[in-house]
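Me: I'd like to learn how to read a couple of features in a model like this one. Can we go through them together?

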Amino acid sequence: MLTDNKVHTDAPDPAVAPRGSHRAAGGVVTVLVPAHNESAGITETLVSLNNQTHRPDRVIVVADNCTDDTEELALAQGAEVIRTVGNKDKKAGALNFALSRLLPDADPEDLILVQDADSQLALDFIENATANLLRDELLGAVGGVFRGGPGGGFVGHLQRNEYARYARDVKRLHGKCLVVTGTAALFRVKTLRDVAAARLKGTLPPGNGNGGIYDTSVLTEDNELSFALLTLGYRIASPANCTLVTEVMPTWRELWAQRLRWKRGAVENCVQYGWTKVTRPYWGRQFLSMIGVVVTLAYFGSILFALISGMGLNLQPFWIAVTGIFILERVVTVRFRGWRYMLLAATMYETVIDVFLQAVHAKAYLDAAFNRKKVW
């Protein structure tokens with residue numbers, strides 16, 4: 001609960017990292033970086049902020065229940081640090097805590113960038129995101145297009161391919177996106193105030209019940225906030241020129257936990273908002289995902305049955321053609337990574353993560369249907 005939190009702010013050491021004091025077009029740009037034991041990557045994240053072509057006016061690291069040296073490393077890079085104590089609502093609770101103290105004194109035209117502590121922005125991210133936001137009064141948020149960072153072995157490699165396909169999709173749709181990713185998103189202060197007011201008024205789900213921007217009752221707070229903005233009549237976008245690098249899950253176990261949270265959270269966000277003009281496309285995607293799970297089970301089940309029963313596998317022209325379409329899709333959609341990856345994709349070796357994600361989807365649907373305990 002926010003009432004359990006306490007705040008401690010450490011001012012940056014000017015001798016270590018003097019900060020600019022320019023006022024950006026459209027207002028002061030403040031960056032919030034929620035961080036829980038992020039010592040491994042916080043320095044690199046803050047360096048990417050310090051080197052922006054459009055430097056933010058304030059960078060605030062929201063240190064949430066840290067037991068490592070995240071705070072010290074943040075201060076060494078010239079960031080301000082807000083320390084929460086007793087926050088039980090994870091990232092959403094930490095951000096609500098910081099925003100509740102930041103928004104009341106901010107100008108409506110000021111800008112707030114929320115960025116994950118394990119992500120590094122392209123050096124022109126803030127410049128491009130600000131320009132995109134200021135061009136469109138109804139644009140409620142500008143998110144980033146991310147690519148996977150190094151490491152993670154084979155599972156990391158598969159995620160980098162996956163993210164490259166996502167970037168291609170967003171570019172082809174001219175920045176149109178379903179969700180403003182939580183890895184990095186830029187908002188106007190007045191937009192966030194609209195969200196808070198709508199939560200208190202009952203136009204939107206109540207969130208934490210105190211007008212907090214982020215809904216602390218859900219698994220995917222960025223997805224829910226995207227729904228909230230769209231419900232209020234705003235648009236959301238992830239322009240192709242707003243790029244960043246985010247970490248990949250280093251093991252299959254961690255990838256399973258991450259995707260299970262994402263998928264179940266997305267399903268429950270749809271249930272939370274019901275059947276509306278905003279949510280219909282999202283319900284459609286859930287339906288298609290469920291069809292995909294059934295088709296995958298039928299496909300591999302039929303192969304297994306044929307092998308076990310002794311019927312053997314018979315190649316049919318129709319299914320060969322269908323397989324060819326799948327191969328072509330795998331090859332073309334990974335072109336952002338270059339021709340070597342395109343050739344490799346033709347072997348369909350990525351089927352392993354396709355099946356893996358289908359299993360995650362099935363588990364998420366079952367967990368949501370039976371209201372099993374949520375695990376962050």
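Me: How much space lies in the largest cavity?

Reply: A quick note before that: this is a predicted model, where local features need pLDDT of at least 70, side-chain atom pairs count only at pLDDT 80 or more, and totals for chains, interfaces and linings use all residues. Residues are numbered from 1 along each chain as its sequence is written, and side-chain values use heavy atoms, with hydrogens and water left out. Now, a cavity is a set of points, on a 1 Å grid over the protein atoms alone, where a 1.4 Å probe fits but cannot get out; lining residues have an atom within 4 Å of a point. Points are joined across faces, edges and corners, and the volume is the space filled by probe spheres set on them. Here the largest cavity holds about 80 Å³.

Me: Which residues are closest to its centre?

Reply: Val180, Gly182, Phe187, Tyr214 and Asp222, out of 14 that line the largest cavity. Helices (H or I, at least four residues) and strands (E, at least two) are DSSP runs, numbered from the N terminus. Helix H7 gives the most to that lining, with five residues.

Me: What about backbone angles: which sign does phi mostly have outside glycine?

Reply: Negative, for most residues other than glycine. In this model, His174 has a positive phi of about 55°, and His174 sits in the loop between helix H5 (153–172) and E9.

Me: Is His174 buried or exposed?

Reply: Exposed (over 50% relative accessible area, 1.4 Å probe, protein chains only; buried is under 20%, partly exposed in between). The value for His174 is 75%.

How values were computed
On a 1 Å grid over the protein atoms alone, a cavity is a set of points where a 1.4 Å probe fits but cannot get out, and a pocket is an open set with protein on both sides within 12 Å along at least five of seven lines; lining residues have an atom within 4 Å of a point.
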